[in-house]
Amino acid sequence: MRFIALASDYDNTLATNGRIDADTLKALERLRDSGRQVILVTGRDIDDLCRTCDRLDLFSRVVAENGGVLYRPATRQRRLLAPAPPAQFVRALRARGVTHVGVSATLVATVKPHEKEALEVIRDLGFDLHVVFNGDAVMILSAGVTKASGLAAALEELVLSPHNVVGIGDAANDHPLLDYCEFSVAVANAIPMLKAHADFVTSGECGHGVAEVIEEWVTDDLSRHREVLGRHGLLLGRQRISGADVRISPYGAVALITGPSGSGKSTVTTGLLERLAAAGYQFCVLDPEGDYGDFGDAVVVGNAQSAAAIDDVAKLLRQPGQRIIVNMMRVPLSERPVYCAALLSRLQELRITTGRPHWIVFEEAHHLLPADWGAAQQSLPLSLETALAITVHPDQVSPALLMQVNTFMAVGATANEALQAFARSTGQAAPNDEVSALAMGDALLWQKDRDWKQPHVVSIEPARSERRRHVRKYAEGMLIPERCFFFRGPEQKLNLRAHNLVLFLELANGVDDETWLYHLRRGDYSRWFRDEIRDDELATEAREIESLNEPSASQSRQLMQSIVERRYTQSDNPCLPRFLFSSRGT
């Protein structure tokens with residue numbers, strides 16, 4: 001499910017003349033029975049609300065006093081989310097002749113046109129207060145306290161994300177509430193400005209409008225509104241010809257990114273993850289090769305020495321703001337599909353109850369869901385809802401995953417061939433015209449929501465952290481044994497393992513000249529840089545050194561250290577210790 005909770009205003013939204021009618025109550029009960037939650041968000045005083053509404057048991061939480069009070073109906077506990085109104089403010093207001101003044105736990109209430117006197121007192125005495133309107137009612141409370149801030153506190157207690165909430169209201173003070181929720185609804189009797197601002201306006205007024213939304217929600221999770229929710233789309237890049245922004249829906253997109261090593265897959269992926277994090281979406285990256293060891297505020301679980309416990313992953317993901325990288329380096333290649341299936345099962349359980357993680361990312365998808373793995377069909381849910389798969393080998397990915405892909409992206413020189421292969425494997429009619437060669441930073445995009453019409457080239461919005469992430473991982477990280485460099489020598493007497501570039505340079509300085517030149521002449525250094533460090537530019541520079549006419553061991557060592565130092569000791573990311581080079585005079 002995408003939408004897990006309803007956050008609704010009370011007066012003139014759920015209630016008419018202060019009461020919720022029988023049909024609206026039945027709709028709320030049906031929503032609760034579907035496994036979803038209802039949160040009441042109102043400007044009313046909590047004591048007044050308890051006297052007026054006899055079905056507060058339907059609500060998981062009540063946000064009262066326009067965000068100032070959080071109430072738990074099950075235990076009748078209340079928590080103040082704002083300070084009490086200053087007594088001096090109330091006295092000054094009454095001193096100016098305002099007789100209609102109500103004082104509750106966190107706000108002062110009056111009626112129009114007394115907002116004039118309220119604003120004058122705030123100005124003259126310098127209080128940090130703001131004025132909120134709800135029809136003819138005027139509320140004065142601490143700056144920053146709104147229905148949105150109150151809902152945030154309620155969601156924190158319920159461990160839910162605003163990206164999984166439908167907000168509905170009718171009045172001016174509901175603007176912050178609707179802005180905070182993923183899907184915003186105004187009832188038919190709402191003020192014009194709120195209607196113009198909302199994603200959807202009901203045909204029914206008050207409770208009838210709420211019931212209308214609930215009926216559609218329980219039936220199909222509001223799927224017909226997917227297009228309007230495109231306003232949350234993640235920027236992918238810009239069309240190469242028109243320059244128009246190209247966006248991917250943060251919900252409902254099952255995307256595949258493919259291309260050869262070094263072609264820009266990680267740039268596309270990292271950019272999307274950066275923008276997901278900036279927008280507050282939760283993701284879980286399944287990372288077989290440890291490529292995401294340093295990504296923003298994401299927590300990495302697992303490493304080259306120990307596999308992540310699936311229970312630990314699930315526990316961390318229960319916090320809406322927590323993004324997770326599951327490092328699977330310790331999981332043997334043959335066991336990765338089974339591990340992935342077990343983790344997917346837990347992620348689906350979480351999605352049913354919380355709507356999260358919003359995105360599941362399969363790095364090296366051919367390792368996690370290989371084409372020849374018979375259990376893939378049973379392991380994948382019928383609908384992944386939202387996911388991203390990255391692979392060098394789309395033909396080696398399970399058809400069970402490929403058939404769910406609705407957004408295909410290819411990068412690099414083989415983009416046209418990859419698109420044709422994907423079309424064949426999924427039974428789609430492949431485009432007739434080939435796209436001209438892609439430049440670095442471009443991607444070939446083909447989408448189902450365009451009825452699989454002609455693909456177009458997108459200039460990818462660059463990722464900010466990609467180079468830094470790559471540098472830190474390979475300079476000072478821990479590669480699995482299969483990806484390490486081994487200094488063995490011509491007679492294979494040595495077995496010195498370098499699991500990163502720091503150790504590679506230390507060992508390079510220490511091995512004998514015969515061993516160093518043996519690997520140099522075989523092209524082992526450039527091959528390792530290309531295949532395992534995944535740095536084509538470094539590999540190209542290394543090949544030039546390897547191809548020199550009989551270089552000395554001392555000269556070639558210096559040159560090799562120099563190119564590594566230049567690319568991996570940037571001023572903003574000094575990963576390689578300077579002492580490694582001091583003895584060589586660099």
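Before anything else, how I get angles: axes are lines fitted to C-alpha atoms, for helices over the stretch in contact, and angles run from 0 to 180 degrees between N-to-C directions. Okay, what you have up there is a predicted model, where local features need pLDDT of at least 70, side-chain atom pairs count only at pLDDT 80 or more, and totals for chains, interfaces and linings use all residues. Residues are numbered from 1 along each chain as its sequence is written, and side-chain values use heavy atoms, with hydrogens and water left out.

Let me start with a helix pair. H18 and H21 pack with axes 10 Å apart, at an angle of about 60 degrees. That makes H18 oblique to H21, since under 35 degrees counts as roughly parallel, over 145 as roughly antiparallel, 65 to 115 as roughly perpendicular, and the rest as oblique. The crossing is left-handed, meaning the near helix is turned anticlockwise from the far one by less than a right angle; clockwise would be right-handed. Helices and strands here are DSSP runs numbered from the N terminus: H or I of at least four residues for helices, E of at least two for strands.

Which residues meet at that crossing? From H18 we have Asp513, Trp516, Leu517 and Leu520, and from H21 there are Ala553, Ser556, Arg557 and Met560. Contact, by the way, is heavy atoms within 4.5 Å.

Staying with H18, which covers residues 513-522, the buried residues are Thr515, Trp516, Leu517, His519 and Leu520. Buried is under 20% relative accessible area, exposed is over 50%, and partly exposed is in between, with a 1.4 Å probe and protein chains only. Those buried residues pack against strand E24 (485-487) and helices H17 (501-510), H19 (524-531), H20 (536-546) and H21 (553-568). Now look at the two ends. At the start of H18, a side-chain oxygen of Asp512 comes to within 3.1 Å of the backbone nitrogen of Glu514. Just after the helix, Gly523 has a positive phi of about 75 degrees.

Next, the sheet towards the N terminus. Eight strands make an open sheet with mixed pairing, in the order E5-E4-E3-E2-E1-E10-E11-E12. Strand E5 (77-80) and strand E12 (200-201) are the edges, each pairing on one side only. For pairing, DSSP has to find at least two bridges between the strands. E4, residues 69-72, runs antiparallel to E5 over four bridges, and Val69 has Leu80 in E5 as its bridge partner.

What packs on this sheet? One answer is helix H5 (residues 147-158), which touches E1 (5-8), E2 (37-41), E3 (61-64), E4, E5 and E10 (165-169), with its direction at about 150 degrees to that of E2. Another is helix H8, residues 206-220, lying across E1, E10, E11 (183-186) and E12 and running at about 170 degrees to E1.

Just ahead of E11 there's a residue I like, Glu182, in the loop between helix H6 (175-180) and E11. Buried or exposed? Glu182 counts as buried because its relative accessibility is 2%. Its side chain makes a polar contact of 2.8 Å with that of Arg2. A polar contact is a pair of N or O atoms within 3.5 Å; within protein, one must be able to donate a hydrogen and the other to accept it, and residues adjacent in sequence count only if both atoms are side-chain atoms. Setting aside residues up to four places away in sequence, Glu182 also touches others, including Phe3, His163, Asp199, Arg231 and Tyr281.

On to strand E20, residues 387-391: five of its five residues are buried. Ala387, Ala389 and Thr391 point one way, while Leu388 and Ile390 point the other. E20 pairs in parallel with E15 (residues 254-258) over five bridges, and with E19 (residues 359-362), also in parallel, over three. Leu388 is the bridge partner of Ala255, and Val361 stands opposite Leu388 too.

Last stop, E14, residues 245-248, for a contrast. Here Val246 and Ile248 point to one face and are buried, whereas Asp245 and Arg247 point to the other and are not. E14 pairs antiparallel with E13 (residues 234-239) over four bridges, with Gly237 opposite Val246. The hairpin they form has five residues between the strands, and Gly243 in it takes a positive phi near 80 degrees. That's my tour; over to you.
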